[in-house]
Amino acid sequence: MARAITAAALLLGAASPATAARATSIGDVQQAMETLAETPGIVGAIGGAYVDGKPAGRGTAGSRLLDGKGGTIPADSRFRIGSQSKTMVATVLLQFVEEGRLGLDDKLAALLPEVAEDGLVERADEITVQQLVEHTSGIPDWFHQSGSTAPAFDVFDFTTYYRPIDIVKMTRGWPRTGEPGETYTYSNTNYTLIGMIIEKVTGHTLARELDRRLFRPLGMTGTYQVTKPPEGIKGPHGHGYYPDSTGTLRDVHRFNASWGNGAGGVVSTAHDVSAFRRAFNQGRLLPPSLQEVLTGGSGQQGTGLCGGKLKGQMLGGSAPGLTTLTFASTDGQQQFAISVTRSTADDNAIVPAMIKTVEAVLCSTV
């Protein structure tokens, strides 16, 4: 939730679609997980690869609990997907645009007058729906204050319910990050506001709209949106850890559901995340013009995986105790989802290891 890999999306460009390579088989996912789990700071790791919608390999390594306890995490377990939730939430919002219920140029102040009152969100009358989606609104990020890498909230408060507007209020008086529409600056607050807009437009909870529009139609039976504490991850799952002020590692698998909302509240599985990415990249969820609002013209940056032969997007998310990463080929034919639980305050050393894992699995036969 705090950030996605390389600011929400690592776009992997390649040769033209006609010449882009495609793996017909997948490397050893179990071996890749075992190697990944050796990375310092990782407690447990699970992963699943899919080709043409069918399982192509899965694996699990490390342990469910700290210090090798609890056995391995079942490979089909649920996990928090962090900021990967944002693409799902934005997809629902953009479906409203397609249906004519919203416009990309609609102003935040008109949609949510309550956040414009008393300057709660500065310049709300100028900020558009598209700017929220694209992180160009200039609204500061509630997750941490500028110049700090530590969360701006109590990581270990597992019980207090904070309304989305309470979370937005955290940023009152914080400096803006730019003019509306001027520059890209990743901010979870944008998506907390998008979640609020979805609920205002529909009169339904964000959880209901995600389930009705995405999870059920796509057969994502293991996926749901957590809303209020103490709701957490259903079924066996990995536990992540975070150091308290004394440096003692504490279990944060019950991470407060309040902080999710539109910014990162989805719990899912490797299968379900892959199903969503497949549908999204195949153009089954949005028309091309609105899909491009999220992808920015997919494939226009970077050198690609496998020496530039494999074209796609790598989306990730992180929060205290967890990091997730999903690669999805642009043609919708391949996906590889990884979830790791960790015992470090950050994942700076873990993310590169996860990317190497993706390459080990997907580039072995390209």
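**View 1. Surface and charge of the predicted model.** The protein exposes about 14100 Å² (Shrake-Rupley method, 1.4 Å probe), and carbon and sulfur atoms supply 49% of this area. The model is predicted: local features need pLDDT of at least 70 and side-chain atom pairs count only at pLDDT 80 or more, whereas totals for chains, interfaces and linings use all residues. Residues are numbered from 1 along each chain as its sequence is written, and side-chain values use heavy atoms, with hydrogens and water left out. Side chains number 32 positive (Lys and Arg) and 35 negative (Asp and Glu), His and the chain ends not being counted. The centres of the two sets lie 5 Å apart, each charge being placed at NZ of Lys, CZ of Arg, CG of Asp or CD of Glu.

**View 2. Burial and contacts in the fold.** Of the 366 residues, 58% count as buried (under 20% relative accessible area, 1.4 Å probe, protein chains only). Among contacts (heavy atoms within 4.5 Å) with a separation of 6 or more, 74% join residues 24 or more positions apart. The C-alpha trace spans about 55 × 55 × 35 Å along its principal axes.

**View 3. The open sheet of β4, β8 and β5.** Three strands (DSSP E runs of at least two residues, numbered from the N terminus) form an open sheet in the order β4-β8-β5, with antiparallel pairing (at least two DSSP bridges between strands). Its edge strands, β4 (79-80) and β5 (224-225), each pair on one side only.

**View 4. Pairing of β4 with β8.** Strand β8 comprises residues 266-268 and pairs with β4 in the antiparallel sense over two bridges. R80 stands opposite V267 in β8.

Methods
Helices (H or I, at least four residues) and strands (E, at least two) are DSSP runs, numbered from the N terminus. Buried means under 20% relative accessible area, exposed over 50%, partly exposed in between (1.4 Å probe, protein chains only).
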